[in-house]
Amino acid sequence: MQTQPSDLAARWSALRESKPGIRARDAAETLGVSEAELVASRTGDNTVRLRPDWKALFERLPALGRVMALTRNENCVHERRGAYSPASFEGHVGLVLGADIDLRIFLSHWSFGFAVEEETKRGLMRSLQVFDAAGTAVHKIYAGEETDLAAWAALVEALRDPAPAAIAVAPAAAPKTPLRDHEIDALSLLTDWQNMKDTHEFFGLLRRHKTTPTQAFRLAEGRFTSRLEVAAVREMLQAASSLDVPIMVFVGNPGLIQIHTGPVKRIQVLGEWLNVLDPEFNLHLREDRLAEVWQVEKPTVDGVITSVEAFDAAGERVATFFGKRKPGEPELQSWRALAHALRDAPVAA
């Protein structure tokens, strides 16, 4: 589908006048277009279309210094401040393994990129924004007070598309219809689960057995999984804060997974949003849209690894939580005790 950029830009301007401060994602939904189309409509008006040379983008990101990396899905936003480390790639799959910014990258889902400058109440905001083929945001990077703006300008100039064509977004992929529970060989699934050596093997296990995470969790309930109340995510974050248990917070979409590793301290509920509001890490999670939360155990060569995994009503993953650890290390006993307490004790509503 193609848009008429001038008309869309005018409609967006009118919407912003009537609703000052409206976010681009919400404006796009209101106007019936994708967020990428909305951003593209202002190309040339402090918005630069970037060439889709994503590896070149990652080569230049470390020179920017401290920035804010933002990754989200429909129901959760993950914001981490720090500097990008050099990325490594095998084909379309990449890694950024920094102490601050930690990413798993899937470039086959990266389609459109922009550099955006926008006047806000807090001054000029600079961002790099990447979208998938359907025009949904994959990853955004925001300049801050400590960002090297000369390196930022050089990046934008080096990746500027000299003749940007109008973008054409594709329809979002329709979700696949999962097999019914009785069509899954549960015994074989559980046997393969028991034989796992690494948590990353779990995604291959799901593919082999043609099952979804929540369906697999149901079939493994009582052996490797325990269903929790949806309030368990809030309780877990509050307990990690009060007990000083460092955790890992994974939030992603098909194009990128962003990870925070470390403490969480300031936990605050604002309306329907459950938030972590720390200096280096912010999390904003739509608690009202959580439908299933599971405590999950996966065998590995380092011992059992325990996670708390949250999903929405469509079975889409919202966020996943582990105790802080590195490969080759067993999980923290303090995290295991915390996760088991969620399972074994009633959770307050």
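# A tour of salt bridges and one sheet

Start by selecting Arg-180, which is exposed at a relative accessible area of 53%. This is a predicted model. Add Glu-183 to the selection: Arg-180 forms a salt bridge with Glu-183, and their closest N and O atoms are 3.6 Å apart. Glu-183 counts as partly exposed, at 38% relative accessibility. A search of the whole structure finds 24 salt bridges, and the next stops visit others among them.

Select Arg-286 and Glu-272 next. These two form a salt bridge in which the closest N and O atoms lie 4.0 Å apart. The pair links distant parts of the chain, 14 residues apart: Arg-286 belongs to strand 15 (residues 281–286), while Glu-272 sits in the loop between strand 13 (267–270) and strand 14 (273–277). Colour the two by accessibility. Arg-286 is buried because its relative accessible area, 13%, is under 20%. Glu-272 is partly exposed, at 35% relative accessibility.

Move on to Arg-325 and Asp-302, whose side chains meet in a salt bridge of 3.0 Å, N to O. This pair also links distant parts of the chain, with the two positions 23 residues apart in numbering. Arg-325 is in the loop between strand 18 (317–323) and helix 10 (333–344), and Asp-302 is in the loop between strand 16 (290–298) and strand 17 (305–312). Here Arg-325 is buried, with a relative accessible area of 16%, and Asp-302 counts as partly exposed at 22%.

Then select Arg-66, Glu-146 and Glu-280 together. Salt bridges that share partners join these three residues into one network.

Now switch to a cartoon view for the sheet. Which order do the strands of the open sheet follow? Nine strands form the sheet, in the order 1-7-8-9-2-3-15-14-13, and the pairing is antiparallel. Look at the two ends: strand 1 (47–50) and strand 13 stand at the edges. Each has a single partner strand, so one side of each is left without a neighbour in the sheet. Viewed along the sheet, the twist averages 20° from one strand to the next.

Finish inside the sheet, with strand 3 (residues 76–83) and strand 15. The two run antiparallel and are joined by five bridges. Select Arg-80 and look across to strand 15, where Phe-281 stands opposite. Strand 15 is also the strand that holds Arg-286, from the earlier stop with Glu-272.

Notes. Residues numbered from 1 in each chain as written. Predicted model: local features only at pLDDT ≥ 70, side-chain atom pairs only at ≥ 80, totals over all residues. Heavy atoms only, no water. Buried < 20%, exposed > 50% of the residue type's maximum accessible area, 1.4 Å probe, protein only. Helix = DSSP H or I, 4+ residues; strand = E, 2+ residues; numbered from the N terminus. Pairing = 2+ DSSP bridges. Axes fitted to C-alpha atoms, helices over the stretch in contact; angles between N-to-C directions.
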